[in-house]
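User: I would like to go through this model and ask, for each label, what the label rests on. Please set each value against its definition.

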Amino acid sequence: LQEARLEVLQRILQEREEDHAELNTKRLDRLWSKKQKEKEAKFDKIQKEHIKKMRKLKEKRRTVEGKLERRDVVQDYSDFNSQTYAPMSRVGVFLDRGSEQYSIQSFHLSTYQGLLELEASLPDFVTQPRIQAPKPKSGGKAGFVKRTQRRQRELEEVADAINLAKRPAQPEKPLKFLVKVEKPVPRPPTPSVEIPSQELIRLQEERRIHAFAMLAERQRRIREAEESGRRQVEERRRREEDEIFKQVVKVHQNTVDTYLEDVIMGAIEVTAEDQ
């Protein structure tokens with residue numbers, strides 16, 4: 001009898017241990033799933049913040065000199081990927097918003113019986129139009145003109161010609177500001193002075209062009225130096241932001257790992273104490 005009791009007691013203890021182990025496993029699984037979901041949510045939030053910051057940085061880089069750019073309407077309408085043709089929802093534009101208010105649900109349009117009633121309610125001149133051919137003005141056939149109409153047209157042409165002949169001719173208006181300018185007598189050529197003057201003009205032009213070239217080269221170098229400085233600043237800022245992002249992700253990962261280790265160790269200790 002004692003042995004039977006011991007066997008029953010051992011079996012009960014074993015079943016209780018198995019139940020405790022199963023409960024602990026389920027609790028750890030739930031906790032692990034919860035922490036994984038929180039981790040994914042935090043990671044998604046960080047990713048969204050990163051994308052937002054990158055967009056802002058891109059906009060700042062586009063206007064790095066602090067100048068506001070006016071909207072190029074021609075470019076917007078020529079590019080089918082622009083906001084004009086395909087606006088983004090994240091800026092508050094929804095193309096299909098309120099489209100349900102334009103849907104028409106009518107008995108006369110959706111059913112055959114309604115169409116018959118609608119057709120019966122229309123007057124006859126709508127369903128059976130009556131079109132009359134226009135009558136020609138002349139009484140002849142195939143463009144034939146009567147003799148009286150032909151004479152009337154000839155008389156009108158003669159009257160127009162007589163009126164045009166009786167009209168007095170308008171004299172031409174004299175040019176008010178026309179003044180004859182006499183051409184001055186050309187001077188005799190001076191070859192001894194003309195050649196040095198042309199050479200002097202050529203030298204002056206060459207010096208002026210050289211000065212413009214040097215000025216343009218100096219401005220180009222200044223712009224290149226400014227652009228290089230801005231590029232270095234942007235690259236340094238980008239590296240700093242990437243490093244900050246990596247450190248934040250690393251800290252979150254370490255925090256989650258530490259928390260899970262503490263939870264698992266606590267569960268193991270509780271299980272050991274219960275046993």
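**Labels and their grounds**

Analyst: Val73, Tyr77, Phe80 and Tyr85 make a nonpolar surface patch of about 440 Å². The model is a predicted one, in which local features need pLDDT of at least 70 and side-chain atom pairs count only at pLDDT 80 or more, while totals for chains, interfaces and linings use all residues. Residues are numbered from 1 along each chain as its sequence is written, and side-chain values use heavy atoms, with hydrogens and water left out.

User: What makes Val73, Tyr77, Phe80 and Tyr85 a nonpolar surface patch?

Analyst: A patch is made of residues with over 30% relative accessible area and no salt bridge, where nonpolar side chains (Val, Leu, Ile, Met, Phe, Trp, Tyr) are joined within 5 Å and like charges within 9 Å. The areas come from the Shrake-Rupley method with a 1.4 Å probe, and for residues only the protein chains shown count as cover. Phe80 has a relative accessible area of 60%, and this member of the patch is found in the loop between helix H2 (73-78) and helix H3 (107-110).

User: Why is Phe80 called exposed?

Analyst: Exposed means over 50% relative accessible area, buried means under 20%, and partly exposed lies in between (1.4 Å probe, protein chains only). Phe80 has 60%, so the residue is exposed.

User: Why is the patch of Lys52, Lys53, Lys56 and Lys60 called positive?

Analyst: Lys and Arg count as positive and Asp and Glu as negative, while His and the chain ends are not counted; the place of each charge is taken as NZ of Lys, CZ of Arg, CG of Asp or CD of Glu. The patch is formed by Lys52, Lys53, Lys56 and Lys60, and Lys counts as positive, so the label follows. Lys53 lies in helix H1 (residues 2-62), and its relative accessible area of 48% makes Lys53 partly exposed.

User: What makes the patch of Glu15, Glu17, Glu18 and Asp19 negative?

Analyst: Glu15, Glu17, Glu18 and Asp19 gather on the surface, and because Asp and Glu count as negative, the patch takes that sign. Glu17 has its place in helix H1 and is partly exposed, with a relative accessible area of 40%.

User: How do you know that Lys26 and Glu22 meet in a salt bridge?

Analyst: A salt bridge is a side-chain nitrogen of Lys or Arg within 4 Å of a carboxyl oxygen of Asp or Glu. For Lys26 and Glu22 the N to O distance is 3.5 Å, which is within 4 Å, so the pair qualifies. Being four residues apart in helix H1, the two are separated by about one helical turn. Lys26, at 42% relative accessibility, counts as partly exposed, and so does Glu22, with a relative accessible area of 43%. By this rule the count comes to nine salt bridges.

User: What makes Glu205 and Arg208 another such pair, and where do they lie?

Analyst: The side chains of Glu205 and Arg208 meet at 2.6 Å, N to O, so they satisfy the 4 Å limit. Both lie in helix H7 (residues 191-274), three residues apart, which is about one turn of the helix. Glu205 is partly exposed, with a relative accessible area of 35%, and Arg208 counts as partly exposed at 42%.

User: Which residues are linked with Glu217 in a network of salt bridges?

Analyst: The network links Glu217, Arg220, Arg221 and Glu224. Within it, Glu217 forms a salt bridge with Arg220, the closest N and O atoms being 2.2 Å apart, and both lie in helix H7, three residues apart. Glu217 counts as partly exposed at 28% relative accessibility, as does Arg220 at 34%.

User: How many helices and strands does the chain have?

Analyst: The chain has seven helices and zero strands, where helices (H or I, at least four residues) and strands (E, at least two) are DSSP runs, numbered from the N terminus. Buried residues make up 5% of the 275 residues.

User: What separates Gln36 and Val256, in sequence and in space?

Analyst: Gln36 and Val256 are 220 residues apart in sequence and 9.0 Å apart in space, C-alpha to C-alpha. Gln36 is found in helix H1, and its relative accessible area of 24% makes Gln36 partly exposed.
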